[in-house]
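Please open the model in your viewer and keep the sequence panel beside it. The tour below proceeds selection by selection, with a short account of what is there at each stop.

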Amino acid sequence: NEKLRVKSDDFAKTKSGIEYKIIELGKGGYAGKLGDILEMNIEYAVGDSVVFSSLVNNNGLPVSQAIVMPQSSVDIMEAIAILQEGDSAVIRLSMADFLTGSQMQKQPWMKDTDMHEWRVKMVKVISADQKKADEEKAKKDKTAQDAATIQEYIKANGIQNVKTTASGLHYVITQEGTGAMPTKGQNVSVNYTGK
């Protein structure tokens with residue numbers, strides 16, 4: 001894909017015939033692979049009608065998309081996967097190619113001569129490994145933050161004899177029961193108050 005990543009005033013074509021034009025080359029650095037995550041701002045238009053804009057429809061945030069195998073013989077992911085961080089491009093398909101490569105149906109307002117055009121700004125390319133590491137770190141950070149909040153609550157409210165399960169659930173036995181302990185798979189009836 002690095003050979004295809006060339007700024008140009010003219011449209012080039014991918015192997016399957018998708019037209020693309022790179023408007024701006026960013027800092028690049030990491031070329032995405034299958035399973036990696038692309039974060040990008042996208043404006044999608046059909047003819048002169050803008051159908052979707054991530055800046056408008058996604059609260060100004062980029063959309064995330066995993067790089068997947070093409071789902072048809074004409075899949076815009078082939079062109080999007082060329083882009084690296086900071087790159088901007090226009091990707092377009094004829095109506096005929098779009099209908100071949102999409103499960104979407106032609107809408108009554110669409111003309112046979114319309115081009116489907118995506119204006120893409122690649123914000124970030126995240127490797128699948130990095131995404132997994134980021135998610136694990138965020139989970140650990142959240143768990144640590146929750147544990148600190150719970151400890152503050154216990155201390156502030158003078159709660160005594162708190163026990164903690166392996167999963168991090170904190171509980172206090174306020175009245176010791178005398179009945180049998182339930183086992184996995186059994187049904188229990190309980191009275192409780194949720195707050």
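## Starting inside strand 7

Begin by selecting His-116, which is found in strand 7, and bear in mind throughout that this is a predicted model. Is His-116 buried or exposed? With a relative accessible area of 0%, which is under the 20% cut-off, His-116 is buried.

Keep His-116 selected and display the side chain of Tyr-44, since the two side chains are joined by a polar contact of 2.8 Å. If you then expand the selection to the residues that His-116 touches, leaving out those up to four places away in sequence, you will find Tyr-44, Ala-45 and Val-46, then Ile-91, Arg-92, Leu-93, Ser-94 and Met-95, and finally Phe-98 and Met-110.

## Strand 6 and its two partners

Next, select strand 6, residues 88-94. Because 5 of its 7 residues are buried, strand 6 is largely enclosed by the rest of the structure.

Add strand 7, residues 115-126, to the selection: strands 6 and 7 pair in the antiparallel sense, over 7 bridges. To see one position of this pairing, pick Ser-94, whose bridge partner in strand 7 is Met-115.

Now turn to strand 2, residues 19-24, which runs antiparallel to strand 6 and is joined to it by 5 bridges. A useful pair to highlight here is Glu-19 together with Arg-92, its bridge partner in strand 6; Arg-92 has already appeared on this tour among the residues that His-116 touches.

## From strand 4 to helix 1

Move on to Ser-53, which has its place in strand 4, residues 49-53. Ser-53 counts as buried, at 9% relative accessibility, and, once its neighbours within four places in sequence are set aside, Ser-53 is in contact with Ile-42, Glu-43 and Asn-58.

Keep Glu-43 displayed and select Asn-57, which is found in helix 1, residues 54-57. How far apart are Asn-57 and Glu-43 in space, C-alpha to C-alpha? The distance is 9.8 Å, for two residues that are 14 residues apart in sequence. Asn-57 itself is partly exposed, with a relative accessible area of 48%.

## Two asparagines with positive phi

Continue to Asn-59, in the loop between helix 1 and strand 5 (63-66). The backbone deserves a look here, as phi of Asn-59 is near 55 degrees, a positive value in a residue other than glycine. Asn-59 is exposed, its relative accessible area being 72%.

Then select Asn-161, which lies in another loop, the one between helix 4 and strand 8 (163-164). Asn-161 is not a glycine either, yet it has a positive phi of about 55 degrees, and with a relative accessible area of 66% this residue is exposed.

## A nonpolar patch on the surface

For the final stop, select Tyr-153, which is found in helix 4, residues 128-156. Tyr-153 is exposed, with a relative accessible area of 52%. Which residues form a nonpolar patch on the surface with Tyr-153? Add Ile-159 and Val-172 to the selection and switch to a surface view, where these residues and Tyr-153 form the patch, with about 260 Å² of accessible area together.

Key
Residues numbered from 1 in each chain as written. Predicted model: local features only at pLDDT ≥ 70, side-chain atom pairs only at ≥ 80, totals over all residues. Heavy atoms only, no water. Buried < 20%, exposed > 50% of the residue type's maximum accessible area, 1.4 Å probe, protein only. Helix = DSSP H or I, 4+ residues; strand = E, 2+ residues; numbered from the N terminus. Pairing = 2+ DSSP bridges. Patch = residues over 30% accessible without salt bridge, like charges linked within 9 Å, V, L, I, M, F, W, Y side chains within 5 Å. Areas by Shrake-Rupley, 256 points an atom, 1.4 Å probe, with all protein chains shown as cover. Salt bridge = Lys/Arg side-chain N within 4 Å of Asp/Glu carboxyl O. Polar contact = N/O pair within 3.5 Å; in protein donor to acceptor, adjacent residues only side chain to side chain. Contact = heavy atoms within 4.5 Å.
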